[in-house]
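Thanks, everyone. Let's get straight into it: charged pairs and a nonpolar patch. Here is the model.

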Amino acid sequence: MIDATVGAAPPNVRRESTWRENLRTFKIASWLGWQVEGNWADPIVFFIFAVLRPVASALIILVMYQVIAGGTREGFFSYLYLSNAFFVLVIQSMAGMAWVILDDREHYRMLKYIYTSPARKLAYLLGRAVSKVAIGLLTTAILLVMGLLFLGLKLDIARVAWGWLLIYFVLGLIILLSLGLVLAGVALVVARHGEFIGEITAGSLLLFSGAYFPVDVLPDALRNISLGNPVTYWLEGMRRALTGGILTGERPGAPGMEQPISPALASFDNLQLLLIVGIAAAVSATVSYLFYSWVEHQAKERGMIDRVSNY
């Protein structure tokens with residue numbers, strides 16, 4: 001009788017080999033993503049473009065607020081500006097994952113070759129999305145600096161809770177990339193006209209995440225949807241970490257009296273907020289992985305990996 005285990009690698013060696021392959025695929029895909037994002041312009045021109053976009057966005061937000069609030073910048077301005085700065089990451093992370101599938105399949109026509117190669121598919125997808133996330137981080141940083149230097153944003157660096165900020169950022173990134181993975185799965189089985197699925201889905205979250213206005217002002221049905229959206233709690237956590245507490249503003253009709261900008265979110269303390277974001281990150285990662293694996297299997301079975309729209 002022949003021992004089937006003879007010559008087989010031990011389990012720990014196989015696991016180490018798998019991690020190395022995933023890491024190598026991730027690194028190469030990250031480099032490729034940077035080349036794709038920046039190959040259309042000189043590096044200096046690309047940097048200027050990357051700076052001008054957030055600057056224009058900040059100015060638009062400022063003008064909108066001044067028109068609505070009559071030129072005042074107290075209380076709600078910090079809420080609005082910080083939410084807008086971090087929501088850039090929502091759009092870039094979610095749209096970036098979906099765009100990788102559509103770009104490689106429809107534009108470069110390389111998706112079928114990637115699937116027939118030894119490359120780790122999920123590691124490749126995450127690596128290709130790194131450039132989008134990095135651009136989002138750069139945009140957020142520029143928006144915050146612009147707000148502090150020129151637009152009246154008030155942040156006390158001494159009050160920034162750096163530990164909370166790091167924890168919320170990591171958990172939020174897991175949530176956003178998980179949502180992006182779901183969109184990537186959808187993009188795998190739709191035609192070319194789904195190229196804006198990431199921007200449309202992420203943009204619709206503006207209404208349901210308390211980014212531009214508190215969830216308290218929404219009708220009951222929409223408020224419940226917003227309070228069930230993990231991005232709502234992530235944005236609240238990032239605002240608290242940066243400002244050192246719950247943002248407050250003048251109570252309408254009661255000059256001199258302040259209340260939380262969002263009383264509904266203020267009812268959660270920091271530990272409760274962290275627990276919600278942490279559970280959401282774990283659930284999002286698990287569900288998105290299972291969903292993408294299922295959709296990927298369906299796409300392979302139906303011959304949709306190499307399908308292009310031909311227009």
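One definition before we start. A helix here is a DSSP run of H or I, at least four residues long, and helices are numbered from the N terminus. Keep in mind that this is a predicted model.

Start with tyrosine 289. It sits in helix α11. Is tyrosine 289 buried or exposed, or something in between? Its relative accessible area is 47%, and exposed means over 50%, so tyrosine 289 counts as partly exposed.

Tyrosine 289 has company. Together with Leu23, Phe26, Leu122, Leu126 and Leu290, it makes a nonpolar surface patch of about 540 Å². Which elements give two or more residues to that patch? They are α1, α5 and α11, the last of these spanning 270-301.

Now the charges. Side chains of opposite charge can pair when their charged atoms come close. How many salt bridges does the model have? The count comes to 7. I'll take three pairs in turn, then a network.

Pair one: arginine 120 and glutamate 21. Their side chains form a salt bridge, with N to O at 2.2 Å. This pair links distant parts of the chain, with the two positions 99 residues apart in numbering. Glutamate 21 is in helix α1, residues 11-38. Arginine 120 is in the loop between α4 (111-115) and α5 (121-150). How accessible are the partners? Arginine 120 has 29% relative accessibility, so it counts as partly exposed. Glutamate 21 has 25%, so it is partly exposed too.

Pair two: arginine 105 and glutamate 106. The closest N and O atoms of this salt bridge are 3.2 Å apart. Buried or exposed? Both arginine 105 and glutamate 106 are buried. For the cut-off, buried means under 20% relative accessible area.

Pair three: arginine 223 and aspartate 220. This salt bridge has N to O at 2.7 Å. Both residues belong to helix α8, residues 220-227. They are 3 residues apart, so about one helical turn separates them. Their accessibility classes are as follows. Arginine 223, at 22% relative accessibility, counts as partly exposed. Aspartate 220, at 53%, counts as exposed.

Last, the network. Which residues are joined by salt bridges that share partners? Asp103, Asp104 and Arg128 form one network that way.

To recap: 7 salt bridges, and a nonpolar surface patch of about 540 Å² that includes tyrosine 289. Over to you for questions.

Definitions and conventions:
Residues are numbered from 1 along each chain as its sequence is written. This is a predicted model: local features need pLDDT of at least 70, side-chain atom pairs count only at pLDDT 80 or more; totals for chains, interfaces and linings use all residues. Side-chain values use heavy atoms; hydrogens and water are left out. A salt bridge is a side-chain nitrogen of Lys or Arg within 4 Å of a carboxyl oxygen of Asp or Glu. Buried means under 20% relative accessible area, exposed over 50%, partly exposed in between (1.4 Å probe, protein chains only). Patches are made of residues with over 30% relative accessible area and no salt bridge: like charges are joined within 9 Å, nonpolar side chains (Val, Leu, Ile, Met, Phe, Trp, Tyr) within 5 Å. Accessible areas come from the Shrake-Rupley method with a 1.4 Å probe; for residues, only the protein chains shown count as cover.
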